Amino acid sequence: MSEHQSVWRKYIFSLDHKMIGKQYLFLGIFFLLFGGFQALLIRWQLAYPEQPVPWWLLGFLFKGSGGIIDPDMYNQLFTMHGTIMIFWAITPILIGAFGNYVIPLQIGARDMAFPTLNMLSFWTMFLASIVLLASYFLPDGTAAGGWTSYPPLSLEEGGIPGHGQTYWTLALTLAGTSTMMGAINYVITVIRMRAPGMTYFKMPLSVWGLWLTSILNAIFVPVIAAGLIMLLLDRLLGTQFFLAGRLAAGGGGDPLLYQHVFWIFGHPEVYILILPVWGIVSELLSVFSRKPAFGYKVTAICMCTIVVLSSIVWGHHMYTTGMSPLLGKSFMFLTLLISIPSSIFFFNWLLTLWKGSLHFKTPMLYTMAVIWVFAIGGLTGLYNATVTADIYLHDTMFVVGHFHYTMAASVLFGGYAAISYWYPKMFGRMMNPLMNRIHFWGTFISLNLVFFNMMVLGYAGHHRRIYNPAEYDFIKPLMGLNEFITYAAIVLGAFQFIYLFNFTWSMFKGPIAEKNPWKSNTLEWTVDYPVPHGNFAEIPQVYNGPNEYSNPKVKGQDWVPQSVQIESAG
Amino acid sequence: MTNLKKWLPGIWFMDPPKDISLDGYRIDNVIQYTDFVITLYFGIVVAALAFFVWKYNSRKHPKAAYEHGDKKKHLIMTVVMGMVVFLSIDVVIETMSFRDLKEAFWNFPKGKDVLRIEAMPMQYAWNFRYAGEDEEFGTDDDVVPPQNILNIPVNTPVVVQLTTYDVIHSFYLPNFRIKQDATPGMVTAIWFQATETGEYEIACAELCGNGHFKMKGYLKVQSKEDFYTWLSEQEPEVTEDDWDDWGDDEDEGVPTKWGWPWKEVK
Amino acid sequence: MKTMDSTVPIQCDENTSKLGIIILLGSITMLFITFLSTFGAMVAKELSYIKLSGTHQAIVVGNACLMIVSSLLFDSGFRQWQGTKSTRSHRFILSSHILGLVFLFGQITIWQILVSDGLQSGTNVLAGMTYLMAGAHGVHLLTGLVFVAWVWVQLYRGIPIKPLRFRLIGWYWHFLTGLWIILLSAILILIQI
């Protein structure tokens with residue numbers, strides 16, 4: 001059916017969820033590299049403040065300022081690094097690419113519920129990317145108010161010159177619109193388009209994660225949209241919603257309102273980014289342990305509980321704003337409640353391995369790495385949830401290390417696991433396992449050295465977003481560690497090229513993949529590559545849960561597709 | 001608790017800045033307790049992972065058990081483990097934290113011997129103001145020392161009220177383990193008490209523009225005698241201009257006449 | 001969002017589309033809940049004050065009534081069309097559309113009156129929030145007007161129209177009416193406090 005389609009329809013304005021997923025993947029990888037490069041520049045400045053950027057970090061880009069990164073440039077770099085990594089790298093790769101690619105295939109649907117909306121969602125994101133990239137060519141550069149862009153700093157009155165912040169706000173509003181279109185589509189697809197027999201508790205946990213993420217997106221992206229619209233009006237039309245004090249000539253609003261609105265969205269956003277990874281990890285652990293996911297229902301319910309809790313804990317980002325004691329205590333209590341469902345499903349992960357038969361294929365390695373980094377990331381969240389500890393650690397490198405563990409490290413490994421796992425279905429070939437293994441160990445070690453030591457820096461008092469840490473006497477003894485982190489980060493960056501090379505090379509030269517190389521049960525492995533537009537010749541009837549591995553009733557093999565009745569499988 | 005660090009260095013290799021405050025130890029304690037328990041739990045996770053990798057690796061253990069873990073005993077087991085984590089970490093640190101907030105950080109000192117200071121950070125400097133002889137702020141005899149230097153006496157509770165001249169800043173004292181945001185349009189407060197004399201650093205912890213990194217001040221902790229000698233040597237703020245200097249948009253030099261009537265703690 | 005590639009059989013049925021609209025309306029509601037909560041917080045913090053005279057209140061409420069009438073007209077049009085499949089119901093839809101337009105112009109006029117009476121958006125954040133909510137509602141209304149106009153053109157020309165589309169556009173139109181009534185009453189109640 002796809003032969004008659006023009007190249008234009010097939011590759012560019014495609015309505016096929018699989019092609020849109022790939023488009024998102026490439027967009028995400030581009031921005032991942034771009035954001036990663038900016039991270040290295042930030043690291044360079046922190047280790048060697050005001051020293052010329054070397055040629056291998058493209059030092060010629062900084063000719064205008066004598067080869068060094070100036071303070072304005074530095075602020076722009078970390079602002080854009082955060083924005084790009086969260087909204088243009090993680091979101092497109094995990095939610096855009098895998099949400100699109102995996103959801104319809106795993107629930108046995110022909111496509112998303114609204115394919116045109118799906119296409120529009122990608123192209124809105126593309127437009128947002130253009131606006132964002134355009135801000136790099138403005139005479140005064142990009143936004144420089146941090147990824148949170150607290151007013152009044154992010155307003156005209158805040159003293160950052162130029163229109164970068166306006167472009168940033170516009171780009172983010174567009175990206176939010178795109179995310180919302182996608183989210184509406186995913187939510188409905190899961191509710192309405194499941195194959196016959198695919199009940200909610202027969203969906204793979206990866207679908208659960210992506211679905212819950214989309215629910216959060218549909219609810220909370222409009223909240224940040226409201227905040228951004230108000231910020232934009234403050235910038236462009238002279239309203240004073242977020243302006244107060246001397247800068248607000250007559251009247252004025254309240255900058256704290258922005259912080260509330262931002263974090264009402266911002267805290268669920270953290271879970272929006274991590275939920276797909278939780279789902280994918282739960283699913284992959286089961287596949288590569290050849291054992292059903294331990295406590296499948298409990299894991300799904302825990303994820304739902306966290307989704308609910310995540311929307312009422314935003315205040316823990318604002319302990320130092322002069323919050324009333326009652327609010328501070330309530331937010332701390334609610335935040336700490338999250339550790340109950342989190343630890344329950346974390347134990348479920350561990351117990352899935354227990355008595356399994358662990359196959360250390362590359363997706364499994366990345367998945368195990370997620371367990372490691374998420375344990376660290378989750379546990380260190382306890383410091384930030386505690387009001388007193390957070391009074392000290394707030395706005396230090398500790399927070400930076402913590403959220404890189406939860407968001408960057410977990411999501412990165414989750415993304416690598418997902419790419420290596422679904423690569424055979426997406427591109428019809430296998431990735432080179434040796435290169436993946438080298439990449440895995442290099443990344444795992446250097447990433448831990450980078451992010452763990454960031455927390456050490458923060459514990460020693462090093463606050464964040466400072467251009468030249470050596471200004472402070474109490475940070476001077478930490479400069480050696482800063483240099484060390486930078487070296488580790490460069491190694492981390494270098495290892496990513498192995499993956500990039502493997503990713504590209506295997507697309508053309510990798511061994512042709514079998515239909516079901518991992519011997520998985522889920523529905524996407526029942527169709528041949530290339531999966532046609534429309535996915536299934538006949539919509540499958542689902543009989544089993546997603547994790548019927550090592551079922552004793554099945555003879556001769558330790559897996560059984562969801563669409564095969566167990567009695568007849570032997 | 002304070003001895004914890006002697007026999008267990010925790011997961012941290014590096015010490016925080018020297019604690020010279022009355023209550024900083026409370027924060028160090030809660031952090032050290034958290035260090036201790038999460039190291040323990042992370043150790044258990046790693047040990048379990050290592051054991052599973054060794055024991056259930058497919059070469060050694062080719063046949064996986066068929067176990068859904070959906071029986072009641074499994075649910076009870078995981079919930080109990082979850083509750084153990086919650087009770088041993090969360091409840092303990094919550095109790096410690098609430099106690100410390102009640103006893104120290106949110107328990108603002110009152111009385112005659114409390115030193116009151118008003119602070120108004122601006123892009124990129126710290127302005128401080130002492131009440132002067134009439135013990136009222138916003139009057140002509142307020143003492144405004146040079147920017148970026150905050151003098152305080154040792155062993156005296158100090159309450160600082162903050163607002164800001166322009167954008168959001170955050171008053172951060174690493175040696176006291178505390179910070180407090182200064183937000184336009186509102187007055188926030190923080191208190192601390194130094195236990196040692198010396199010169200320490202004040203940093204701005206909230207991004208405030210391209211000079212954020214050099215928005216540094218010094219905290220001079222002096223003996224009480226030295227402090228009051230110093231204070232009496234300071235000239236009161238000049239009185240020629242009228243009080244309304246806030247409307248001026250041109251940010252030229254040091255803002256003057258910015259004090260506000262002291263806000264009593266709610 | 002309704003068209004789909006005809007070459008691919010897709011199981012997108014009525015309920016799917018209905019659910020789609022419901023979730024979309026839910027998301028839009030979240031946007032306005034955020035605006036309204038911010039407004040409420042501004043009132044609670046006493047950041048500024050709005051005082052509306054009796055005449056002002058009458059105009060504002062009167063204008064909102066136009067929207068209610070428009071919604072009712074659309075509903076009658078839809079019911080008539082559904083019962084008889086008669087294209088004569090286009091008159092109802094046209095009047096609904098015109099009332100919508102009048103409402104929108106009314107909103108703009110009210111805004112200008114309020115601004116000229118001293119409720120500046122720049123200095124009075126409550127006024128600014130009110131204009132913002134009315135404006136955001138107006139933008140959504142503009143999209144609605146396009147849909148309603150489309151329905152009218154189809155009916156007027158006698159082109160067959162999918163009942164589902166007609167119904168869903170009606171949902172959107174009624175939603176906008178309800179949304180404005182809730183926003184307006186909330187604003188009027190809150191500024192009394």
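Domain bounds in this text come from an automatic or database domain assignment. The structure is a predicted model.

**View 1. The two domains of chain B.** The domain assignment divides chain B into domain 1, residues 4-105, and domain 2, residues 115-233. Taken over C-alpha atoms, the centres of domain 1 and domain 2 of chain B are 38 Å apart. Contact between them involves nine residues of domain 1 of chain B and 11 residues of domain 2 of chain B. On the side of domain 1 of chain B that touches domain 2 of chain B, four residues are nonpolar, two are polar and three are charged.

**View 2. The four-stranded sheet of chain B.** Four strands of chain B form an open sheet in the order S2-S1-S4-S7, and the pairing is mixed. Strand S2 (128-130) and strand S7 (188-193) of chain B are the edge strands, each pairing on one side only. On average, neighbouring strands of this sheet are turned by 25 degrees against each other, direction ignored.

**View 3. Strands S1 and S4 of chain B.** Within the order S2-S1-S4-S7 of chain B, strand S1 (residues 115-119) pairs with strand S4 (residues 157-162) in the parallel sense, over five bridges. Which residue of S4(B) stands opposite Arg116(B)? It is Val159(B).

**View 4. The five-stranded sheet of chain B.** An open sheet of five strands in chain B follows the order S3-S9-S8-S5-S6, again with mixed pairing. Strand S3 (149-153) and strand S6 (178-182) of chain B are at the edges; each has a single partner strand, so one side of each has no neighbour in the sheet. Direction ignored, the turn between neighbouring strands of this sheet is 25 degrees on average.

**View 5. Strands S5 and S6 of chain B.** Strand S5 (residues 169-173) of chain B is paired with S6(B) in the antiparallel sense, and five bridges join the two strands. Among the residues involved is His169(B), whose bridge partner in S6(B) is Ala182(B).

**View 6. Helix H4 of chain B on the sheet.** Helix H4 (residues 224-233) of chain B lies across two strands, S3 and strand S9 (216-222) of chain B. The helix runs at about 130 degrees to S3(B). In the sheet order S3-S9-S8-S5-S6 of chain B, S3 and S9 are listed side by side.

**View 7. The helical fold of chain A.** Chain A has 16 helices and zero strands. Its radius of gyration is 24 Å, close to the 25 Å that the globule rule gives for 570 residues, so chain A is as compact as a globular protein of that length. The C-alpha trace of chain A spans about 75 × 55 × 45 Å along its principal axes. Of the 570 residues in chain A, 66% are buried. Among the contacts in chain A with a separation of 6 or more, 79% join residues 24 or more positions apart.

**View 8. The contact between chain A and chain C.** This contact takes 36 residues from chain A and 36 residues from chain C. On the chain A side, the elements giving two or more residues are helix H4 (115-134), helix H5 (164-192), helix H6 (205-236) and helix H7 (255-289) of chain A. H6(A) gives the largest share of that side, eight residues. By class, the residues of chain A that touch chain C comprise 23 nonpolar, nine polar and four charged.

Conventions: Residues are numbered from 1 along each chain as its sequence is written. Chains are lettered from A and ligands numbered from 1 in the order in which they are written. This is a predicted model: local features need pLDDT of at least 70, side-chain atom pairs count only at pLDDT 80 or more; totals for chains, interfaces and linings use all residues. Two residues are in contact if their C-beta atoms, placed from the backbone, lie within 7 Å. Ala, Val, Leu, Ile, Met, Phe, Trp, Tyr, Cys and Pro count as nonpolar, Asp, Glu, Lys and Arg as charged, and the others, Gly among them, as polar. Two strands pair if DSSP finds at least two bridges between them. Axes are lines fitted to C-alpha atoms, for helices over the stretch in contact, and angles run from 0 to 180 degrees between N-to-C directions. The radius of gyration is taken over C-alpha atoms; the globule rule is 2.2 Å times the number of residues to the power 0.38. A residue is buried if 20 or more other C-beta atoms lie within 10 Å of its own, exposed if 12 or fewer, and partly exposed in between; C-beta atoms are placed from the backbone.
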